[in-house]
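Open the model in your viewer and keep the selection tool at hand. Each stop below says what to select and what is there.

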Amino acid sequence: MRTVIKLHYAAWRRRALSDLSGRVAVVTGGNGGLGFETARGLLALHARVILACRDASKGEAARARLLSEFPDAKVDFLPLDLSRHVSITEFSDRLAALAPKVDRFVHCAGVYYPRENRTSDGLPATVGINFAGTVALAKATEPLLSPDGRAVFVTSLVDRKGSVKEDPLADDEPDGYAAYARSKFLLSGYVFKKSAERVPGEPLYLAAHPGITKTPLLSKEKTGPRPLWSRAGHALIYPFTQSPEKSSLPILFAVAGRAENGDLFAPRGLFQVWGYPKRFPFSRRVRDAVKKYPECFEI
Ligand SMILES: NC(=O)c1ccc[n+]([C@@H]2O[C@H](COP(=O)([O-])OP(=O)(O)OC[C@H]3O[C@@H](n4cnc5c(N)ncnc54)[C@H](OP(=O)(O)O)[C@@H]3O)[C@@H](O)[C@H]2O)c1
């Protein structure tokens, strides 16, 4: 008999999301924040979940927490560091051995003001992890996605503040915020372009952003120096934002709701900061840039 789980927003979940029994879902960054809440939501839909995390102890701890809440579930952990290409390749090989068919792939892992300036492969850290590493992972694992599968990419409402010049991986952004905006701008553009190139019978490519929510993304443990305006701005805005659990709903909708290829889901409220999920178009800035510089959105 199935365990009955009590998650918040149960009525919305029942109405909006499909059951995922027999389906396999991967969540990058599933050890904390939005990735963890997404994994919880997927388990409540009866999916088998594979957590892809860079820190083995955090990955195993998250797995144990999920299993204590969902004792009948199947949850696995695989190591993944998006800042190292060799780790992406090893992860893909391990995933193929563990689950030759993946139905939902949630690309949630990301950084904002990371402590390191560069990835282990020498790329600027934020764009290197949020865009280059994520896209490299998507490409490496694409053959595992079932034809009726979905790849869901977690972007941000600041994607519209990003821009691209000739080289998307150039280390020429003036500050951490601009680097983050560019990384999400490139990621949104990748999803927009990839979904436009899809042919029938291939998996759907979708994006979701959570609005703004207080997670460990900007914790001292994870971030390098942050300007005062960033710390003050976030301290002021957090009391008015919603919980990580509610902010995971646009991601869950992209994973298990009525979605079409190329959809973007975000909170429906003021400035897309809070509320239940709604479909939005990609920003004009992203769409125009993909038309003008398509080569910048591939790696
Ligand atoms: N919170 C917000 O308001 C907000 C708004 C818009 C978009 N987002 C996006 O939502 C996603 C999840 O962020 P969050 O807010 O939930 O923050 P979070 O709790 O810090 O989660 C980020 C996750 O990414 C993982 N990660 C970081 N670098 C990695 C790497 N090199 N390889 C593999 N995994 C790595 C982290 O692992 P560790 O725990 O080991 O660091 C963590 O599991 C991110 O893509 C973020 O940009 C968040």
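Two strands pair if DSSP finds at least two bridges between them. Helices (H or I, at least four residues) and strands (E, at least two) are DSSP runs, numbered from the N terminus. Residues are numbered from 1 along each chain as its sequence is written. This is a predicted model, in which local features need pLDDT of at least 70 and side-chain atom pairs count only at pLDDT 80 or more, while totals for chains, interfaces and linings use all residues.

**Whole chain**

Show the full backbone. The protein has 10 helices and eight strands. Its C-alpha trace spans about 55 × 40 × 35 Å along the principal axes. The radius of gyration is taken over C-alpha atoms, and the globule rule is 2.2 Å times the number of residues to the power 0.38. For 299 residues a compact globule would have a value near 19 Å, and the 18 Å of the protein agrees with that.

Now colour by confidence. pLDDT is the predictor's confidence in each residue, from 0 to 100. The average for the protein is 96, and 98% of the residues score at least 70. Among the elements, strand E1 (residues 24-28) has the highest mean, 99, and helix H7 (residues 228-237) the lowest, 95. Where pLDDT is low, the predicted coordinates should not be read in detail.

Two residues are in contact if their C-beta atoms, placed from the backbone, lie within 7 Å. Of the contacts with a separation of 6 or more, 73% are between residues 24 or more positions apart.

**Strands E1 and E2**

Select residues 24-28, then add 48-53. Five bridges join E1 to E2, and the two strands run parallel. Val24 in E1 has Arg48 in E2 as its bridge partner.

Are these strands buried or exposed? A residue is buried if 20 or more other C-beta atoms lie within 10 Å of its own, exposed if 12 or fewer, and partly exposed in between, with C-beta atoms placed from the backbone. Five of the five residues of E1 are buried. Val24, Val26 and Thr28 point one way, and Ala25 and Val27 the other way. In E2, six of the six residues are buried, so the strand is largely enclosed by the rest of the structure. Arg48, Ile50 and Ala52 lie on one side of E2, with Val49, Leu51 and Cys53 on the other. For the protein as a whole, buried residues make up 48% of the 299.

**Around the ligand**

Select the ligand and its surroundings. A residue is near a molecule if its C-beta atom, placed from the backbone, lies within 6 Å of it. The shell has 31 residues, and the closest are Gly29, Gly33, Gly110, Thr215 and Leu217. Helix H2 (residues 33-44) gives the most to this shell, with three residues.

**Two positive phi angles**

Most residues other than glycine have a negative phi. Select Tyr113, in the loop between strand E4 (102-107) and helix H5 (125-141). Its phi is near 55 degrees, and Tyr113 is buried, with 21 other C-beta atoms within 10 Å.

Next select Phe271, in the loop between strand E7 (264-267) and strand E8 (277-280). Phi of Phe271 is also near 55 degrees, but Phe271 counts as exposed, with 10 C-beta neighbours inside 10 Å.

**Last stop**

Go to Glu298, in the segment after helix H10 (284-292). Glu298 has 13 C-beta neighbours inside 10 Å and counts as partly exposed. Add Tyr190: it is 108 residues from Glu298 in sequence, yet 6.7 Å away in space, C-alpha to C-alpha.
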